[in-house]
Amino acid sequence: MSNVVVLDNGGGLIKAGQGGERDPAVVIPNCLYRPLTSKKFLHPSTTTEEDLTSAAIRRPIDRGYLINPDLQRDIWSHLFNSLLHVSPSSSSLLLTEPLFSLPSIQRSTDELIFEDFGFNSLFVADSPSLVHLYESSRRPDSLLSEAQCSLVVDCGFSFTHVAPVFQNCTLNYGVKRIDLGGKALTNYLKELVSYRSINVMDETFLMDDVKEKLCFVSLDVETDLQIARKQGKDNLFRCTYVLPDGVTHKKGYVEDPEAAQRHLRASPSAAMEPNKEAYQLETIAKTEERKRVDLTKNEFDLMNERFLVPEMIFQPADLGMNEAGLAECIVRAVNACHPYLRPVLYQSIILTGGSTLFPRFAERLQKDLRPLVPNEYQVKITTQNDPILDVWRGGSLLASSPNFESTCVTKAEYEEHGSARCRRRFFH
Amino acid sequence: MDDDNSNALRRMSTRTRKVAPKMAAALGSSDNRSQAALARLEALENDNAGIEAVEMNDDDEASLDEDDQAYMQKRSKGTKRKTRQAKALENARKAPRSFLELLHEANLESLPPHVPSYLRAAVGPPSSTSRRHFCSVCGFSAKYTCVTCGMRFCSCRCQNIHNDTRCMKFVA
């Protein structure tokens, strides 16, 4: 009857568009920022290139949950009015909500949707089931769509969830969470770079870019650390990031993108061969290199930070967090489920979320996971083409299904029964 | 209690160790260290939100309902300028509460243990207690611990840098 707005309201990015389409029409950061040149907080614009140096950021979402409805209202009204051009009163909303949202947060979200924006009807979905829906529709003959069962590993901006999905429902007793996501990784990288070379504590957007371009997951940390210790050309990991100077280029860039990728091609064994002659030369080069370091230049080198930062998802204990790593998290989530489901879950692991975009993420997970899983089970990890958008695509599929309208909570029902009663419909 | 037990089990050398009183105090106060470690973890979730007080005056269109405006008008009639304290109070009233506050309010501990909740979804401590240590200065694996603050370093050079720049700076 009416059109459906699908809104994946992430902590880092908002993905929004009309239900039934393939790609979201709008992907914007879920924040307001204030560049140094401005006194007011601005909406992120998709078109004009702004100087984001030392921009202050306000986010409506803290640790994955919506805590600032006022700010979110601001961002959403900009989104609906200026970017999507929809009128809420004549459309339905499909909203993703993080798992285990608190009742008070659900209440304020409902108020925001029905009272401030006046949407016709609302459907609240959780992201694991949407990912499962999308994957099973994309590959109808795979095991996960035949068994109607998968294990969704969602490594997003605020946290990492491992959620078993069975028959399009997330099994909430099996869900496990690590309190580490893209934001924590960016902040960690910020801290490391600020201590070691240049103070970038205020440059969130810049460091996001550095993280996305340069960080990767190491398959063997010990070996890679030894390589990173080498000098000169043998060091496959050293690369230079040039900071924006505000005049010729407004955005930072990697000085030599080719060289930054060479670690992916080189085989670890060849790089490990000791070379004594080269070593002697290097000691000379080393002393020169030390002189060469110049703090006034607006660039910095990254070496072991490139793989030690994403490493934290696999072993948060190294950071001092008292939490298990991703592989162990998966094992615990699976063990919380019925034994009949376990072999299927291990065979249908889906990786989603922006933080899984680090190169070699899946390989490393496979390597960590295999020793922890009983021998008779197979481990199969599926990566997605576009892990950031696939939750939205699942939502778009769901919104275009024929009986979607009947499953929504309408505005009249909300006004009659209130938030808590209506929420029971969504089983979480 | 736990400390006493572990000390009894552990084999201690009989040699009396001479430690300067200040050093002993620093060693003994695991509180400071764990506080610093927690603060570092907490900092990983920070946004650089800027200084809230500056922009509060600017965004007059957001989130002011009528009695707020009445309140502000009354205030501006009574006194010419808002005192700092009044400003701070107002900001505190308007400031959104953090997730941890909301979590505390939701009182999830009172739920029966079989109900899945935010708290029970946490993955929990790792099965092996061993952790790798990385040098806080250069990032390579670190053998040594700073006796003053407990951070790690890998070599003499890094120790000097650590002592000059970071050691106990965060507690002071």
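Helix H5 of chain A is mostly covered, with eleven of its 15 residues buried; a residue is called buried if 20 or more other C-beta atoms lie within 10 Å of its own, exposed if 12 or fewer, and partly exposed in between, the C-beta atoms being placed from the backbone. Helices (H or I, at least four residues) and strands (E, at least two) are DSSP runs, numbered from the N terminus. All of this refers to a predicted model, in which local features need pLDDT of at least 70 and side-chain atom pairs count only at pLDDT 80 or more, while totals for chains, interfaces and linings use all residues. Residues are numbered from 1 along each chain as its sequence is written, and chains are lettered from A and ligands numbered from 1 in the order in which they are written.

Back to H5(A), then. The buried set includes A:Gly182, A:Leu185, A:Tyr188, A:Leu189 and A:Val193, and A:Lys183 and A:Lys190 are in it too. As for length, the 15 residues of H5(A) (182-196) should span 21 Å at 1.5 Å a residue, and the end C-alpha atoms are indeed 21 Å apart. The expected span here is 1.5 Å times one less than the number of residues.

Helix H2 of chain A (103-117) gets a similar check: its 15 residues should span 21 Å, and its end C-alpha atoms are 20 Å apart, which agrees. Buried in H2(A) are A:Gln106, A:Thr109, A:Asp110, A:Ile113 and A:Phe114. Their cover includes strands E7 (65-66), E8 (91-96) and E9 (121-125), along with helices H18 (411-417) and H19 (419-423) of chain A; contact, here and below, is taken as C-beta atoms, placed from the backbone, within 7 Å. Right after H2(A) comes A:Gly118, with a positive phi near 70°.

Helix H13 of chain A (326-335) is also mostly covered, and eight of its ten residues are buried. These are A:Leu326, A:Ala327, A:Glu328, A:Cys329, A:Ile330, A:Val331, A:Ala333 and A:Val334. They pack against several elements of chain A, among them strand E10 (149-155), strand E13 (176-178), helix H12 (305-314) and helix H14 (342-347). H13(A) leads on to the nonpolar core, meaning a set of buried Ala, Val, Leu, Ile, Met, Phe, Trp, Tyr and Cys residues joined through C-beta atoms within 7 Å. The largest such core has 129 residues, and those with the most contacts inside it are A:Leu94, A:Leu122, A:Leu151, A:Val153 and A:Ile330. H13(A) gives the most to this core, with seven residues. Leaving aside neighbours within four places in sequence, A:Leu94 is in contact with residues including A:Val4, A:Leu7, A:Phe123, A:Gly395 and A:Leu398.

On a wider view, chain A is assigned three stretches: domain 1 (3-126 + 391-426), domain 2 (129-181 + 317-383) and domain 3 (182-312), with bounds that come from an automatic or database domain assignment. The contact between domains 2 and 3 takes 16 residues from domain 2 and eleven residues from domain 3. By class, the domain 2 side has six nonpolar, five polar and five charged residues. In this count Ala, Val, Leu, Ile, Met, Phe, Trp, Tyr, Cys and Pro are nonpolar, Asp, Glu, Lys and Arg are charged, and the others, Gly among them, are polar.

Chain A also holds an open sheet of three strands, in the order E15-E14-E16 and with antiparallel pairing. E15 (253-254) and E16 (299-302) stand at the edges with a single partner strand each, so one side of each lacks a neighbour in the sheet. Strands pair if DSSP finds at least two bridges between them; E14 (239-242) and E16(A) are joined by four, and A:Val242 stands opposite A:Glu299.

Some loop residues are worth a look. A:Gln167 has a positive phi of about 50° although it is not a glycine, and is found between strands E11 (160-166) and E12 (169-170) of chain A. A:Gln167 counts as exposed, with 10 C-beta neighbours inside 10 Å. A:Arg360, also not a glycine, has a positive phi of about 70° and is partly exposed, with 17 other C-beta atoms within 10 Å.

Finally, the contact between the chains takes 39 residues from chain B and 49 residues from chain A. H7(B) gives the most to the chain B side, with five residues.

Notes:
Contact = placed C-beta atoms within 7 Å.
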